[in-house]
Each structure stands twice: as structure tokens, then as C-alpha cells.
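Colleague: I'm new to reading protein models. Could you walk me through this one, a few questions at a time?

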Amino acid sequence: MTRYVIKRIFSMIVTLLIIGTLTFSIMHSIPGSPFTSERSLPPEIEQALMEKYGLDDPLWEQYLNYLGDLVQGDLGVSMQKLGVSVNDMISEGLPVSAQIGSVAVIVILALGIPIGVISALKQNSLIDHIVMFIATVGIAVPSFVVGTFMMYVFGEILGWIPAGGFDGWRSFIGPVIALAGFSLAYVTRLMRSSMLEVLRQDYIRTAKANGLSQLKVIGKHALKNALIPVVTYVGPMIASILTGSFVIEKIFALPGIGKYFTESVTNRDYTVIMSITLFYAAIYIFSVLLVDIAYAFIDPRIKLDD
Amino acid sequence: MGKEKILEVKGLETSFFTHLGEVQSVRSVSFDIHKGEVVGIVGESGSGKSITCMSIMKLLQHPGKIKHGEVIFKGEDLVKKSPKEMRKIQGDEISMIFQDPMTALNPVYTIGNQMTEVIRAHKKISQKEAEKIAIKMLEAVGIPSPEQRLKNYPHEFSGGMRQRAIIAMALSCEPELLIADEPTTALDVTIQAQILDLLKGLREKLDTSIIFITHDLGVIAELCDKVIVMYGGMVMEEASVVDLFKEPKNPYTIGLLKSVPNPETLTKQTLVPIAGSPPDMLNPPKGCAFCNRCEYAVQKCLVEVPKLYDVGKDHKSRCHLYHPDTPNEVKIKREVI
């Protein structure tokens, strides 16, 4: 197990290096620079800026310098926002995104799994049809529609939730629902279909034939097997939800991290693009590793030492 | 067999109510099982043998339903019991083992976990004591070093070992009746023989009654005291194992026996299959289920379901040819098989 994790961490570093290299080359092959704007700067000032940020060096040197700083934990300085480092952006934005994200994740798991199970147990009943209808709507309706709707009805008309900002538990309601909507619907559907599949298995029949209680048959024998496909989805889902969403942060005026990523691309803010991409990638790859480790705990047929 | 009856199935009818209509899988099946008796149920796929046993155990899946009949076990009608009451009987007094040992155990729990869980569901004992019983049972079914084996997962067992473990699990609460639904079909021949020997030995040791479902007449001859031949959801013939092989009294049984290879005559004779295919249970024939494939069929067979006639001591056959008024020359002359 420990050997496997060490091996995987090494391969994570290699993956990140590849992602970094690709991002760096793509980023620099797009025309324009951080200092391109409608009003062109005087050549001397532009030259001075290029020198300040090292943009006049050969690309490979820029890349190596960046990596050198990265290894020392310095994610670089924004080329657009004066005096703001990427480390600051993450340390300020991530807690907001992560707090809202973790509530959303808890909502997804705490509702999606049991509702999916109940829906499967009551297959083709009225409850099942209602759940599946809502879940289909949840998958089809994009988060910005849900977000805007929440904002309008509960914020504007009913005044139950604040119009925006990050202040108190009420400010969680809107973003959490908008953020959880799709994944909640998806997890519910996945759990239901996976449960239906497992309930048809011979070992469930064996468990019933042996007179085990309903709770044991469903809660012990069926659930653990049915969770395997759900875990596959949930790992990367958690990574993406915790790192925030540009759209939802925009709608609810949240000071999260999601907005930086989108802004950095439109602004050609080279260091921010690189660092945030690598940061997201690292979290994502790490979540995949956690999923793989979780598999080994759920399913003994999966051996990690190979 | 002068022993007490432990199970009486009376007029059992089970149907599946599908969107196409009612599939009548089991049609008025009756039989008795005595203590310590091994009863074989034979028949081709779809003859209703598995569904009969699933009905006894009340393990029918939706849309299956027991329409009619009684299943008297130790004086009580199981059909009337609630799922909760049934759970006390399932795995404790009546156990069932299934065809495919590769899929019948939960892959994510150890053998020990699954065995002790069943024991503790029926007996108020500690985990330690349950483990002791599990070890004893694994030993009884011939699994070496059972203490270690308890900690194994099903995938660490071979097919034959899994079936042994399943049998051990099914017998761990010393049931009075074991229903074995083709337990050897998915295994290779040498393992089949071992499992049959095991069941024979256990039956002698524990005096458990066994219902053995199979389509293999060889297995029947090997293991059973009594045989029930099913076709089209009905009992076609019921006889002691000796009578059935010596003097089959139903055209369907005769057909079945003819389609089995006989080592003595194999080189000279070709196997005779039963022509045609089984009836559609969505629209079962009005008369005898076998009439369209039967070489002895007469007009009456097409329109009237025959009764189960007594044709000898503990020997019954569902065939119009055994109606008391049927002229003797028409009655089946058993051919050389």
C-alpha cells in the first residue's frame, strides 16, 4: 500500500510536469501578452514591463525559472493585479470556495445516496418516477439558471437569502443549491441504477435465502457493492466542486477562487494561468488517487500492490 | 418411508404477471417430503422446478406471485407467513443453495463474515461462538485449514470450494430441509462428483431432507430416494428412484430417459431427442402440456388436462393412458431403453 502510494505520487509529479509544459506552450503560442490592450503602451514602458517579469528571456529559460520558483513554493506574481501573488489568491479565495464546496458535497452525498437507494427499492413506483423526473431536470438545467433563479425568487422576491457576498449561513443556501444541483441529480441517478444492478445479483438472493433482515441485505450486502461506481464519479466531482465555480461565484458575488481562473485566461496573466492550472490539476489527480485507494477498501478483489 | 412428513406442497400455483400477460410457471403442483428423504425434481428449462422451490422459500421476484395453494412446513402454511416470519425460517429451518457458486457469495465480504452473519441472524450467540460453528461447518464440508479460510474473500476460493462454503453456510443452522437448485450444474464433472458425495454424507450425518433440482438424470440416480418429473409447470410423474428408471409410466419421462446416453448401448444406438419444444406458459395448452410432443397423444389429450393417476405403490403419472377406462392394449408398453 505505502509503496503503491509513493509510486503514484511520483507519477503524479510527472503528470503535473506534462500538464505544466503543455499549458506553458499553449499559453505562449496564443497571440498577445499580459500587456496587450486597446491602448498600446509606449514601447519603452512595455519593454520595462517585459524585463520586470522576465518575458524577454528565451521561453525555455522562463519555463525553468517558473519551475524553480514553483519548487520553492512560490506560485508567482500576477502580471495584471499589482502586487498580488498567486499564493495570496489561493489563500484568500480557496477557503471561501472550499467552504461552500464542502457543504455542497455533503448535501450531494447525504441526499443523493439515500434517495437513489430508495428510488431503486421502490422501482417504478410514484416516488421513483418523481425522483427520476426531478433528477432529469437537475441534470438538464445548467447551474447558472438555477443560480439566477435562486437569486431572483429567494433573494429578490422572498428576501430569504442575501443578494450576494459571503456572510453568514444564509449566504450559503443559494450557491450550495446551484453548485450541488447537477451532481446531486447525477449521483442520485447513478446510485439508483447501480443499486438496481446489484439487487439482481445472486449474492443478494443468497442473503435473502439465508433469512437476513432487509437492513442487512440492503444496507450491508447491496450498498457496498453499489457504491463502487458512485465513488468513481464522486472523487473528481469533489475536486471540481471544492475549487469553486466561476459562474456561481459571479452570480452570488462570492470572493472565491473560481473567478481567478477564468479572468487569468482572458487577461493572459501568464503566472496565474500556470499556477491555477497546476493547482487544479494537482487537486484533481490527488482525488483520483484517493478514489483508487478507496476502491481497495471497498472491493477486496482490487489489489494496489501490483 | 414411514417417517413424518416435514413439507407438504398442496395445489401450488405460481404465475408471473408480466406486461404481456400471465405466465403460469407453476400449475397445481403437489408433493410431500418426509424427514431425511432426498427428492429430486427433474425437468427441462422452464418446466417450473426452480420457481416451485422459490415459491416454497417465498423468494419470488416481482412480478412473480403465489396465486394459490399451500406449503405446509411443520404444520404451518408458509404461504400465509409475512416476510418477517419467513426470515426466521429461511436459512434456519429451510436453506437453499443455488446453481452458480461463482456469483452466489458477496465478493466484498469475507467467507467468515458472511457465514457468521447467517449464524448470528438465527442464533443468539457471540461472534466468537459463531466463528466456531463456521469453522466446524467448513471442516465438515472438507475445506482444509478452515480457521485461515474464514478470513478469505470469495475470489480466493475455487468454484468447488465456494460451493462447499455455500453448502456449509446453508447447513450452519442445521436446517430440516435443504433446497438445492442445480448446485452442481456450473461445476466440472470431478467437482460435481465430490459435491454429490458431500451432500450424501451430510444427509446421512445430519438427517436433513433435501430437494434436489436438476436436469441431470444421472445425478438423480446417484442421490435421490424419490423423483418428481415436471413439465409445463406440472408434476408429470412421481415415483421412487428405482421405479422411475425401471418402469417409467409417463410418455415424457420415457422421452427423457431415451435422450440420456447409456454406456452399454451407446455405440449401437443413437440418442433420441424429444421432438418439438416446451409449451409457451403465457398461453399454456388447454389439454396435457406435453400433448404436442407426445407420440401416444389421443384426441382427449388436446382438450383435457389429465389427472395425476396412481399407477403403482407411491407411483403417480399424469397421463390419460392411465385412466381406469383406457383399454389395456393402448397403455404404454415400455420400450427397451
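What follows is a short chat about pockets, a surface patch and salt bridges in this predicted model.

Colleague: Let's start with the pockets. How much space lies in the largest pocket?

Modeller: Residues from both chains help out here: the lining takes at least two residues each from elements including α4 (86-121) of chain A and β4 (64-73) of chain B. Among the residues closest to the centre are Lys208(A) and Gln61(B). The space in this largest pocket comes to about 1,300 Å³.

Colleague: And which class of residue, nonpolar, polar or charged, has 16 members in that lining?

Modeller: The largest pocket is lined by 32 residues. Eight of them are polar and eight are charged. The class with 16 is nonpolar.

Colleague: On to the second largest pocket, then. Which element gives the most to its lining?

Modeller: This pocket has a volume of about 420 Å³, and 21 residues line it. The elements giving two or more residues are β2 (21-34), β10 (234-240), β11 (308-312) and β12 (315-318) of chain B. With six residues, the top giver is β2(B).

Colleague: I heard there's a nonpolar patch on the surface. How much accessible area does it have together?

Modeller: Its members are Val14(A), Ile18(A), Leu22(A), Ile26(A) and Ile30(A). Take Val14(A), which sits in helix α1 of chain A: its relative accessible area is 48%, so it counts as partly exposed. Together, the patch has about 450 Å².

Colleague: Now salt bridges. How far apart are the closest N and O atoms of Glu22(B) and Lys67(B)?

Modeller: Side chains of opposite charge can pair when their charged atoms come close. Here the partners are 45 residues apart in the chain, with Glu22(B) in strand β2 and Lys67(B) in strand β4 of chain B. Still, their side chains form a salt bridge, and the closest N and O atoms are apart by 2.8 Å.

Colleague: Arg301(A) and Asp299(A) meet in a salt bridge too. Which of the two is buried?

Modeller: Buried means under 20% relative accessible area. Arg301(A) is at 42%, so it counts as partly exposed. The other partner has just 7%, so the buried one is Asp299(A).

Colleague: Last one: how many salt bridges does the structure hold over all chains?

Modeller: Some of them join up: Lys5(B), Glu8(B), Lys10(B), Asp32(B) and Glu70(B) are linked in a network. There's also a bridge between Lys249(B) and Glu247(B), at 3.8 Å from N to O. Over all chains, the number is 24.

Note on methods:
Residues are numbered from 1 along each chain as its sequence is written. Chains are lettered from A and ligands numbered from 1 in the order in which they are written. This is a predicted model: local features need pLDDT of at least 70, side-chain atom pairs count only at pLDDT 80 or more; totals for chains, interfaces and linings use all residues. Side-chain values use heavy atoms; hydrogens and water are left out. On a 1 Å grid over the protein atoms alone, a cavity is a set of points where a 1.4 Å probe fits but cannot get out, and a pocket is an open set with protein on both sides within 12 Å along at least five of seven lines; lining residues have an atom within 4 Å of a point. Grid points are joined across faces, edges and corners, and a volume is the space filled by probe spheres set on the points. Helices (H or I, at least four residues) and strands (E, at least two) are DSSP runs, numbered from the N terminus. Ala, Val, Leu, Ile, Met, Phe, Trp, Tyr, Cys and Pro count as nonpolar, Asp, Glu, Lys and Arg as charged, and the others, Gly among them, as polar. Patches are made of residues with over 30% relative accessible area and no salt bridge: like charges are joined within 9 Å, nonpolar side chains (Val, Leu, Ile, Met, Phe, Trp, Tyr) within 5 Å. Accessible areas come from the Shrake-Rupley method with a 1.4 Å probe; for residues, only the protein chains shown count as cover. A salt bridge is a side-chain nitrogen of Lys or Arg within 4 Å of a carboxyl oxygen of Asp or Glu. Buried means under 20% relative accessible area, exposed over 50%, partly exposed in between (1.4 Å probe, protein chains only).
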